Amino acid sequence: MIFNMSLQLGELPPVWKTAAVIPVFKKGSPSNHANYKPTSLTCIACKLLESAIKEHLMRYLLEKKIINPHQHGFLSRKSTTTQLLECNLDWNVALNSRKHLDIIYLDYAKAFDSVVHVKLLAKLSCYGLCDQLIISIKNFLIGRTQYVKIDEFCSSLGTVISGVPQGSVLGPVLFIFTPRALRS
């Protein structure tokens, strides 16, 4: 009932939109702060609601062929490993056919943090999502707060003005929209 009410009203309780950002060690020297990835720990109830929204959103995006078929990140049964295997096959075919091959690698630093909410919501509207779902996603993104937690020490609460929450269920799905889909 709480989830249905939240979706109907397009509102989330403020506590659901507060995240504790913790540093998760990636690799390298533990004394170098650049070797940590910030991950948002969010409310479990919110994650359950996000899962329902994600399921609906992914079904819609796949049915309407909005997601690029070559997309590997953040999709079920696809990963960086499946992407690398597919690329390796393509490269072998090109090399065996004596075709020229150019490869460009891109790594967007702080990519999740760079998502502009207004542009994302406009893009979702262009994809034909129902207004109620867009309002719910807007409420999920807008008015978020966070604090940094290291061990038992917490910073003061700050307002989040852009980006999708890392560590959330819905964040990666909101991140994967491709410009190609707007041209389709």
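A cavity is a set of points, on a 1 Å grid over the protein atoms alone, where a 1.4 Å probe fits but cannot get out. Its volume is the space filled by probe spheres set on the points, which are joined across faces, edges and corners.

This is a predicted model: local features need pLDDT of at least 70, side-chain atom pairs count only at pLDDT 80 or more, and totals for chains, interfaces and linings use all residues. Residues are numbered from 1 along each chain as its sequence is written, and side-chain values use heavy atoms, without hydrogens and water.

**Exercise 1.** Describe the largest cavity and its lining.

Step 1. The structure holds one cavity of 30 Å³ or more. The largest cavity has a volume of about 70 Å³.

Step 2. Lining residues have an atom within 4 Å of a point. There are 13 in the largest cavity, and the closest to its centre are S6, L12, L49, I53 and S136.

Step 3. Helix 1 (2–9), helix 2 (44–63) and helix 5 (131–141) each give two or more residues to this lining. Helices are DSSP runs (H or I, at least four residues), numbered from the N terminus. Helix 2 gives the largest share, four residues.

**Exercise 2.** Work out the span of helix 2 and which of its residues are buried.

Step 1. Helix 2 has 20 residues. From first C-alpha to last, helix 2 reaches 29 Å, close to the 28 Å expected at 1.5 Å a residue. The expected span is 1.5 Å times one less than the number of residues.

Step 2. Buried means under 20% relative accessible area (1.4 Å probe, protein chains only). In helix 2, C46, L49, E50, I53, L57, M58, Y60 and L61 are buried.

Notes. On a 1 Å grid over the protein atoms alone, a cavity is a set of points where a 1.4 Å probe fits but cannot get out, and a pocket is an open set with protein on both sides within 12 Å along at least five of seven lines; lining residues have an atom within 4 Å of a point. Buried means under 20% relative accessible area, exposed over 50%, partly exposed in between (1.4 Å probe, protein chains only).
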